[in-house]
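Got your viewer open? Load the model shown below, switch to a cartoon view, and follow along stop by stop.

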Amino acid sequence: VRLDKASGTRTFSIDYSHDRFLKDGAPFQYISGSVHYFRIPRAYWKDRLLKMYMTGLNAAQVYVPWNFHETIQGVYNFTGDRDLEHFLDLANRTGLFVILRPGPYICAEWEMGGLPAWLLQKPNIMVRTADPDYLQAVNDWLAVLLPKVKPWLYGNGGNILSVQVENEYGSYFACDYNYMRHLRALFRYFLGDDTILFTTDGNTNREMTCGTLQGLYATIDFGTGGVAFDRQRRFEPRGPLVNSEFYTGWLDHWGEQHAHVDTEKVSNMLGEMLSMGASVNMYMFEGGTNFGYWNGAYRSVVTSYDYNAPLSEAGDPTDKLLAIREVIKKFRDIPLGPMPPATPKFAYGFVAMKKEDLTNLPCLDLCLFQYYGYMLYRTKLPRMVSDPTPLISPLNGIHDRAYISINGMYLGFLERDTQLVINVTGQEGDQMDVLVENMGRVNFGSKINDFKGLVSNLILGGDVLTDWQIYSLDIDGTIAGGWPHSGVKQHQPGMMSNSTEGPAFYMGMLEPTGFAWDTFLKLRGWTKGQVWINGVNLGRYWPQRGPQQTLYVPGPLLSSSQPNNITVLELEGAPVDTRVVFLDRAQLDSTMGTS
């Protein structure tokens with residue numbers, strides 16, 4: 001490490017007179033890639049960071065999702081796949097500096113933009129503003145997070161060069177400078193006066209106006225449509241040019257085509273920015289996976305966060321990575337040695353799935369707070385409905401999808417914004433079950449206060465339905481405990497029939513092969529639902545809507561010596577052939593082959 005000769009200490013600073021960064025007194029340009037530890041299994045962190053380093057990057061840009069570490073208020077988790085300090089240490093050992101983005105809001109196409117859902121227990125809370133309830137929660141969180149980060153600052157012997165305050169705040173409607181001033185004071189208090197604090201905003205005057213603040217260095221985001229540093233210069237007349245999010249790809253939503261951003265455009269634009277002396281972060285360098293329920297929404301984001309990035313969802317080098325490496329070679333020395341290879345993949349083949357022979361959903365608790373997954377609302381028909389009668393959500397109160405059954409017979413679904421009415425028939429006193437799926441909270445824009453469940457009345461004909469029983473379904477906890485493979489019966493009210501239509505669990509086993517390699521699970525002919533392997537929630541599948549057709553199964557989730565438990569919750573209807581198949585490659589586009 002070169003030391004600043006004048007002081008003998010490690011320094012990272014902005015040289016405004018020469019429009020550059022200085023590291024230990026010498027000019028410094030970073031070439032960085034975004035990588036999310038929370039979207040990659042811990043066992044693969046080192047592999048991904050090494051591939052970034054061998055591409056020629058000298059930095060990694062890292063978000064910290066608040067809700068991933070404080071899912072329940074006051075309970076903090078920094079262990080296992082949540083061990084931020086271990087990730088920072090691995091980056092340091094690999095030779096990568098870190099550009100840290102601790103929020104408290106991160107967007108990232110992540111559930112509620114990284115904000116914890118428990119904030120919404122105060123129904124009128126104004127997140128991302130100087131609302132006292134919100135600020136108190138932020139204060140408590142940053143008082144835990146930032147002291148963990150401080151030893152990793154470059155000036156303290158670590159590898160964090162700079163720290164972002166909030167994220168793209170200018171794209172939020174509130175434009176609350178008092179909130180940003182409060183954050184600036186908090187970050188200064190915990191991280192000191194010498195740390196470079198910065199903001200990142202999109203390429204419009206409005207976003208740069210509301211997102212920037214004196215004392216926070218203003219950077220900009222833009223993709224392959226053209227260099228936009230002139231707008232950064234309007235708000236930050238001197239200092240280094242920085243593109244904090246140069247888009248190498250884009251995200252996918254259910255029902256759209258798989259995103260593709262041209263490799264030649266990415267490499268040409270990267271070369272243009274680097275030749276200007278700009279520091280550039282590529283978003284994403286590896287996207288990874290929205291495991292479990294962590295995908296964000298306005299329109300729901302798919303489980304894969306492949307992002308058409310230089311490293312694939314499974315961490316494999318792509319042609320885009322090789323093109324980027326050729327560009328970087330012109331500006332700095334590339335590490336010697338081969339690029340680490342793709343992790344081995346295996347097509348384990350077909351696994352038969354058997355419908356779990358129960359008339360129940362597991363683990364029901366009345367009226368407990370539950371932030372993610374599924375809730376069951378149950379009531380009785382108030383009168384005889386012999387003719388098909390509309391069941392309506394008149395105020396669009398299904399958040400986000402509801403699967404309707406009467407006496408265990410599945411009738412169909414209601415869906416937020418698109419399907420607000422369904423016809424039902426039945427006798428007075430018949431049991432109506434409404435299984436509501438939270439498909440991920442809004443992560444961007446003004447509607448981030450995204451309440452889930454039944455948030456307004458359902459009306460049957462002219463009757464407002466009342467007398468609801470509301471059940472939290474701890475499906476994840478139950479499956480992690482071994483159900484249904486363990487054969488332990490839970491006590492809960494009945495809901496499902498023997499039909500293949502409607503919500504039902506299916507179980508199967510992938511026999512051990514003596515090795516545990518990455519694979520890709522395809523549910524051909526299945527409709528929509530959730531998959532667990534060995535108790536771990538892989539995420540959502542929805543091949544009928546697409547584009548994603550396979551789920552990434554990291555090898556470390558599998559056992560090489562014991563049978564691997566596969567559990568599927570199918571919500572609408574299973575195929576006649578209830579097998580699933582493990583392939584050796586991803587299918588992220590509906591238009592790809594159907595093998």
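At the start of α4, which backbone nitrogen does a side-chain oxygen of Asp-131 reach? Keep in mind that this is a predicted model. Now show Asp-131 and Asp-133 as sticks: the side-chain oxygen of Asp-131 comes to within 2.8 Å of the backbone nitrogen of Asp-133.

**Stop 1: helix α4**

Select residues 132-149 to pick out the rest of this helix, 18 residues in all. From its first C-alpha to its last, α4 reaches 25 Å, close to the 26 Å expected at 1.5 Å a residue. Look along the axis as far as Leu-142, where α4 bends by about 30 degrees.

Next, colour the buried residues of α4: Tyr-134, Leu-135, Ala-137, Val-138, Trp-141, Leu-142, Leu-145, Leu-146 and Val-149. So you'll see Leu-142 twice on this stop, at the bend and among the buried residues. What do the buried residues of α4 pack against? Show α2 (66-69), α3 (84-94), β6 (97-101), β7 (160-164) and α5 (177-191), and you have the elements they pack against.

**Stop 2: two glutamates**

Now select Glu-168 and Glu-245, the positions where an unreviewed UniProt entry places the feature "active site". They are spread over 78 residues of sequence, yet they cluster in space, with a largest C-alpha distance of 10.5 Å.

Zoom in on Glu-168 to begin with. You'll find it in the loop between β7 and α5, two elements that also pack against the buried residues of α4. Is Glu-168 buried or exposed? Its relative accessible area is 10%, so it counts as buried. Show what Glu-168 touches farther along the sequence, beyond four places away: Arg-128, Thr-200, Asp-201, Asp-221, Glu-245, Tyr-247 and Phe-444.

Glu-245 is on that list, so hop over to it. This residue sits in strand β10 (residues 242-247), and at 4% relative accessibility Glu-245 is buried too. Beyond four places in sequence, Glu-245 touches several residues, including Tyr-63, Arg-101, Asn-167, Asp-221 and Tyr-283. Pick out Arg-101 there: its side chain and that of Glu-245 are joined by a polar contact of 2.9 Å.

**Stop 3: the annotated domain and helix α9**

Zoom out and select residues 21-330, listed in the unreviewed UniProt entry as "domain: Glycoside hydrolase 35 catalytic". This span is 31% helix and 16% strand, and its end C-alpha atoms lie 20 Å apart.

Then select helix α9 (residues 319-328) and mark its buried residues: Lys-320, Leu-321, Ile-324, Arg-325, Val-327 and Ile-328. Why do they fall on the same side of α9? They cover an arc of only 155 degrees around the axis, and that places them together on one side. To see what covers them, add β4 (31-35), α1 (45-55), α8 (263-275) and β11 (279-286), which are among the elements doing so.

**Stop 4: Gln-530**

For the last stop, go to Gln-530 in strand β28 (residues 529-533). With 0% relative accessibility, Gln-530 counts as buried. Which residue's side chain makes a polar contact with the side chain of Gln-530? That is Asn-537, at 3.2 Å. Turn on the backbone of Gly-292 as well, since its oxygen lies 3.3 Å from a polar atom of the Gln-530 side chain. Other contacts to display around Gln-530 include Tyr-293, Tyr-374, Arg-540, Tyr-541 and Thr-567.

Methods: Residues numbered from 1 in each chain as written. Predicted model: local features only at pLDDT ≥ 70, side-chain atom pairs only at ≥ 80, totals over all residues. Heavy atoms only, no water. Helix = DSSP H or I, 4+ residues; strand = E, 2+ residues; numbered from the N terminus. Expected span 1.5 Å × (residues − 1). Bend = angle between axes of the 7 residues up to and from the residue. Buried < 20%, exposed > 50% of the residue type's maximum accessible area, 1.4 Å probe, protein only. Contact = heavy atoms within 4.5 Å. Polar contact = N/O pair within 3.5 Å; in protein donor to acceptor, adjacent residues only side chain to side chain. UniProt positions renumbered as here; feature names shortened; annotations may be inferred. Arc of directions from axis to C-beta.
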